[in-house]
Structure formats: structure tokens, C-alpha cells
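Let's take a walk through a protein model together, stopping at a few spots along the way. Keep the structure open while you read, and click on each residue as it comes up.

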Amino acid sequence: ALAAAVASAEPLVIYSPQGGERAEWIAEQAAAAGHEIEILNAGGGELFDRLMAEKNNPQADVVFGLVDASMALLKAEGMFQTYVPTWAEGLPDVYKGADGQVHKFWQTPIVLAYNADALNAEDAPQSWLDLTDEAYAGKYVIGSLTWQTTRSYLGGILARFLDENGDVTDEGWDFMRAFYTNGIVVNDGDAKTEAFKSGEAVIDLNWFGGVFRQADAIGYTPGMVDTDGGTPFIAEGIAIMEGTDQLDDAKAFVDWFGSAAFMSAYAAQFGQAPVHPDAIAASPAEVQEKAQ
């Protein structure tokens, strides 16, 4: 009877920017653990916009992988269930939702990197604010605004130009215009890849793991800048959608997904750093170093 019930259940619909090989691997691991899921994948910004558009008729049961700002805005719209997962115990407070709706499971810096085969370290920009220099004209790619990585570094840059009321100053908007004028603006991943393959672009504005994935795919040695003024970090959260008709299944999936066992397995597979101390301790040594 249990097998029949599981077989007839609808899969959990999950919205996540984790796509391609990662989505396939997550779905395979979930199925092996008894969770039938269907992942709808798109850029983080695109998914945020879709969730907002579906507010009055939600189609997802669970959302994960969106960054802090997006999850906070969705939560403010009343779109999440309150649920404290089993792995919340021991999770640092900074990664816990105070109201029990959003909990973070992994984190990554947004970094300024470069093709070390084409650009010497001393010639690379030392700060995000250096990118408007003429020396870097046409050498870095600005991704689509549907990508949450792009939104994250743009937000990090503009945060340096806030007045006492929290508004962006004219200097900040002037910088942003110069930043876009100086860069190569693309709308899809293929265009970004082509810019680096051609050798036109040599400076990568990316999330930490994405730097190495791109360098491996194209075939160059990546260099990383320890930027003046700091590096923004993003932490990705998971939440259950208000209105889901599969609440028990959604809770079970969230408990499994954020567990130390799965997070450390994900870390071993993709090199991503989890945030739970137990998951970090069970991860490969190189991932533990990234989590420091």
C-alpha cells in the first residue's frame, strides 16, 4: 500500500537556479532517498520574477538556491510556510530564518578573477572599482540581469555609494554607467563563454565555483584577486511555498536536502561549501578550506 501511494503521488515541483548536471544529480540522489521531484531551472533573477508573477497562483512546492535578497523579498510577500528543518539545530544563527521560514544551506563568495595565462597578477584590477579604468575596457563580461550572480555584484558595488538615507548617490549611478560602458554586456551563457574563448574577455566576475568551472571548460588557469574593499558573499536558502498541497512531502525533502549527509555529498561532488558545521566537517579537505 505504501509503494502504491508513493507511485501515485505527484512529484514535488521545485524552483531552483541549480540546473544542468547539478539538477540531474540532485534529482537522482533525491529519488534514491525516496523523494520524487521535478526541478524547474532558470536564472535566479528569472525565477524570482516568475515566483512574484505566480504569487496568487503558486506552481512550486519548494524553492531553493535563490540568494538572500530574493528570499527576503519573497518572504515579505507572505509566500513561504513556516518550517524549522531538522538540521536547523547547530546551524549558525546568521543562516537561520528568525521566523523559521528560510534556512541557508551553502554559501559562496562573488569574486573578481582573471585568466592568468593572459593577464599578470600585477596587471589585474585590485578592486571592483578599478574596472572602469580604461586599461580594462572590453576585458570583462557583465552578465544578464536575470542571473543572481550579476545582481549580487551590482548590489555589492552600489552599496559603496549609498547616502545617509540609503539611496544610491549620483556618483554611484555615474560609476555604474561607466562600468557598463567599459564592459562586454551579454544576455546568455554562450555569449559569455565565447567572449572568453576568443580571448577578448580576460576578467571574470563570477561566483567562486563558477570561476573554476569556466576555466576548466575553456582551458585556462584562473587567478583570484583578494580585492581591496572586500568581497561580497551570498548564502542560498530553501523554503516551502505557502499553498503547497504536498506539505508533508515538502518538509521531508527539506529535511533531507539540508542534512549533513546530503550537503557533504554535494560538496564532494561539486566543491561547494556548505554552512552547517556538521556538513563542513564531513566534506573533503579542499571544501573545508573554502568554508573558512
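Our starting point is Q246, which sits in the loop between strand 9 and helix 9. Keep in mind that you're looking at a predicted model.

Is Q246 buried or exposed? Its relative accessible area is 11%, and since buried means under 20%, Q246 counts as buried. So who are its contacts? Leaving out residues up to four places away in sequence, Q246 touches E10, P11, L12 and D61. With P11 there is something extra to look at: the side chain of Q246 reaches the backbone oxygen of P11 at 3.3 Å.

**Rings and helix 10**

Now on to the aromatic residues. How many aromatic pairs does a search of the whole structure find? The count is 24. A pair of aromatic rings is described by two things, the distance of the centres and the angle of the planes. Take W25 and Y266 as an example: their centres are 5.9 Å apart, with 70 degrees between the planes, and that makes the pair edge-to-face. W25 belongs to helix 2 (residues 20-32) and Y266 to helix 10, so this pair ties together parts that are 241 residues apart in sequence. Both partners are tucked away from the outside: W25 counts as buried at 12% relative accessibility, and Y266 counts as buried at 1%.

Another pair worth finding is W106 with F257. Here the ring centres are 6.0 Å apart and the planes meet at 50 degrees, so the pair is tilted. W106 lies in strand 4 (residues 103-115) and F257 in helix 9 (residues 247-257), so parts that are 151 residues apart in sequence get tied together. W106 and F257 are both buried too.

These pairs belong to a bigger picture. Ring pairs link W25, F64, F105, W106, F253, W256, F257, F262, Y266 and F270 into a cluster. Try colouring these residues and you can follow the links yourself.

Three members of that cluster, F262, Y266 and F270, bring us to helix 10, which covers residues 260-270. The buried residues there are F262, M263, S264, Y266, A267 and F270. Here's a handy bit of background: an α-helix has 3.6 residues a turn, so residues three or four places apart point the same way. Just after helix 10 comes G271, which takes a positive phi of about 75 degrees.

**A stop at A279**

A bit further along, A279 is found in helix 11 (residues 277-281). Its relative accessible area is 0%, so A279 is buried. Leaving out residues up to four places away in sequence, A279 touches A260, M263, S264 and P274. You can also check A279 against W106: they are 173 residues apart along the chain, yet their C-alpha atoms are separated by 9.7 Å.

**Empty space**

Finally, let's look at where there are no atoms. Rolling a probe the size of a water molecule over the atoms shows where empty space is left. The table puts two pockets and a cavity side by side.

| Space | Volume | Lining residues by class |
|---|---|---|
| Largest pocket | about 880 Å³ | 11 nonpolar, 16 polar, five charged |
| Second largest pocket | about 240 Å³ | seven nonpolar, seven polar, two charged |
| Largest cavity | about 50 Å³ | six nonpolar, three polar, no charged |

The largest pocket is lined by 32 residues, and W147, T149, N206, W207 and R213 lie nearest its centre. Which element gives the largest share of this lining? That would be helix 8, with five residues.

For the second largest pocket there are 16 lining residues, and V67, A69, S70, R151 and S152 are the closest to its centre. Helix 3 (44-53), helix 4 (68-76), helix 5 and strand 9 each give two or more residues to this lining. Helix 5 gives the most, with five residues.

As for cavities, the structure holds one of 30 Å³ or more. The residues lining the largest cavity are Q81, Y83, P85, Q101, H103, I238, A239, I240 and V254. Strand 9 (residues 233-240) gives the most to that lining, with three residues.

Definitions and conventions:
Residues numbered from 1 in each chain as written. Predicted model: local features only at pLDDT ≥ 70, side-chain atom pairs only at ≥ 80, totals over all residues. Heavy atoms only, no water. Buried < 20%, exposed > 50% of the residue type's maximum accessible area, 1.4 Å probe, protein only. Helix = DSSP H or I, 4+ residues; strand = E, 2+ residues; numbered from the N terminus. Phe/Tyr/Trp six-rings, centres within 6.5 Å; stacked < 30°, edge-to-face > 60°. 1 Å grid on protein atoms, 1.4 Å probe; cavity = no way out; pocket = protein on both sides within 12 Å on 5 of 7 lines; lining within 4 Å. Points joined across faces, edges and corners; volume = space filled by probe spheres on them. Nonpolar A, V, L, I, M, F, W, Y, C, P; charged D, E, K, R; others polar. Polar contact = N/O pair within 3.5 Å; in protein donor to acceptor, adjacent residues only side chain to side chain. Contact = heavy atoms within 4.5 Å.
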